[in-house]
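Biologist: Please take a close look at the aromatic pairs and follow the residues concerned into their surroundings. How many aromatic pairs does a search of the whole structure find?

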Amino acid sequence: SGLRPPSPHPPAMLRRALARAARPVYDAYAARAASASYATQPHQAQRELYDRSRQQIPLGELYPSVANSSFVAPNATLVGDVNVGDGCYVGYGVVLRGDQSPVEIYHKARIGDRSVLSAAAAVATGMNAETVVGNMCSVGAGCLLRSATLDAFAVVGDGCVLEEGTIMEECSELLPGSVLPAGYRVPAGEVYGGAPAEFVRELSKYEAFERRRHANDAYASNTVAHRDEFLPNGGPWKESEARREELRELLDQKTLQEGQLPVPV
């Protein structure tokens, strides 16, 4: 009489054990169903006829300026007060941000792929807040420069960081992977390296002479080779516009329904 009837539901511990055992099977079926439904629907990137990202972005009255003789990669981004001089090379994936202070790239300078150059509104050391890359300077790939000044023929190795207010004088060099702390100066004709960067050696007169002599030819040939491969209206753009005209004709004929847009090739 005092005994309770057995519960029709399994104990909580047993329920949790069954749920843990069944979870992998459920996840596998859910992933398979999701992949099957996803495969039938074109991805948004596939629906796009061409890349809608912008290479030059004005901010208010600040507009990027690029000389006709320079090469700026299609996927580079120039924002605000950015000035790229004659014969410069701005590599693939580069970001030049002149939203707070100007970014100046002078004659035949080279900015390596994926580098980011920005400028602060002001520098605590009282130095120039602009980012300036002088004539025939070379900035390696994957570098970060903020309110830094590079005099003519300066060379920055790959993966370097130049903090606010740093200065590299003429024909100076920063070895790859180095960090130049805020307010530091690399004297003319000297090589620095490390994190933080320290003096390594001096360039010989022959090295400095050869750098000046070959910089013009080396940077000019690289810029021209890339620039000549890109036309104002390239083939992909023309092809995408032709596809747009085809789609407009199909829409006018009411033969294309929503959700049946062809995936561009």
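Modeller: A search of the whole structure yields three aromatic pairs, where rings of Phe, Tyr and Trp (its six-membered ring) pair if their centres lie within 6.5 Å, and planes under 30 degrees apart count as stacked, over 60 as edge-to-face and the rest as tilted. The model is predicted, so local features need pLDDT of at least 70 and side-chain atom pairs count only at pLDDT 80 or more, whereas totals for chains, interfaces and linings use all residues. Residues are numbered from 1 along each chain as its sequence is written, and side-chain values use heavy atoms, with hydrogens and water left out.

In one of these pairs, the ring centres of F71 and Y89 are 5.6 Å apart and the planes meet at 25°, so F71 and Y89 are stacked. This pair links distant parts of the chain, 18 residues apart: F71 belongs to strand β3 (residues 71–72) and Y89 to strand β5 (residues 89–90). Helices (H or I, at least four residues) and strands (E, at least two) are DSSP runs numbered from the N terminus. Both rings belong to buried residues, with relative accessible areas of 3% for F71 and 6% for Y89; buried means under 20% relative accessible area, exposed over 50%, and partly exposed in between (1.4 Å probe, protein chains only). Ring pairs also bring in Y92, giving a cluster of F71, Y89 and Y92.

Another pair has a different geometry class: the planes of Y192 and F199 are at 80° and their centres 6.1 Å apart, so this pair is edge-to-face. Y192 is buried at 13%, while F199, at 45% relative accessibility, is partly exposed. Y192 also takes part in strand pairing, as the bridge partner in β19 of L174. Here β16 (173–174) and strand β19 (residues 190–193) run parallel over two bridges, and two strands pair if DSSP finds at least two bridges between them.

The strands of these residues belong to a wider arrangement. An open sheet of eight strands with mixed pairing follows the order β3-β5-β7-β10-β13-β16-β19-β20. Its edge strands, β3 and β20 (198–202), each pair on one side only. In the loop between β19 and β20 lies P196, which is joined to A195 by a cis peptide bond with omega of about 0°.

One further aromatic residue deserves attention. The charged end of R212 sits over the ring of F153, 5.8 Å from its centre; the criterion is NZ of Lys or CZ of Arg within 6 Å of the ring centre and within 35 degrees of the ring normal. F153 lies in the loop between β12 (149–150) and β13 (155–156) and is buried at 14% relative accessibility. Its phi is near 65°, a positive value in a residue other than glycine. Most residues other than glycine have a negative phi, and most peptide bonds are trans.

F153 is also among the residues touched by S172, together with A154, V155, V186, P187, G189, E190 and R211, when residues up to four places away in sequence are not counted; contact means heavy atoms within 4.5 Å. S172 is buried at 0% relative accessibility and lies in the loop between β15 (167–168) and β16. The side chain of S172 reaches the backbone oxygen of E169 at 2.6 Å.

The packing around these loops divides into cores, a nonpolar core being a set of buried Ala, Val, Leu, Ile, Met, Phe, Trp, Tyr and Cys residues joined through side-chain atoms within 4.5 Å. The largest has 35 residues, and those with the most contacts inside it are L96, I105, L150, L162, M168 and L174. At least two of its residues come from each of β3, β4 (77–84), β5 and β6 (95–105). Apart from this core lies another, of five residues, including F153, C171, A208 and A215.

Terms used:
A polar contact is a pair of N or O atoms within 3.5 Å; within protein, one must be able to donate a hydrogen and the other to accept it, and residues adjacent in sequence count only if both atoms are side-chain atoms.
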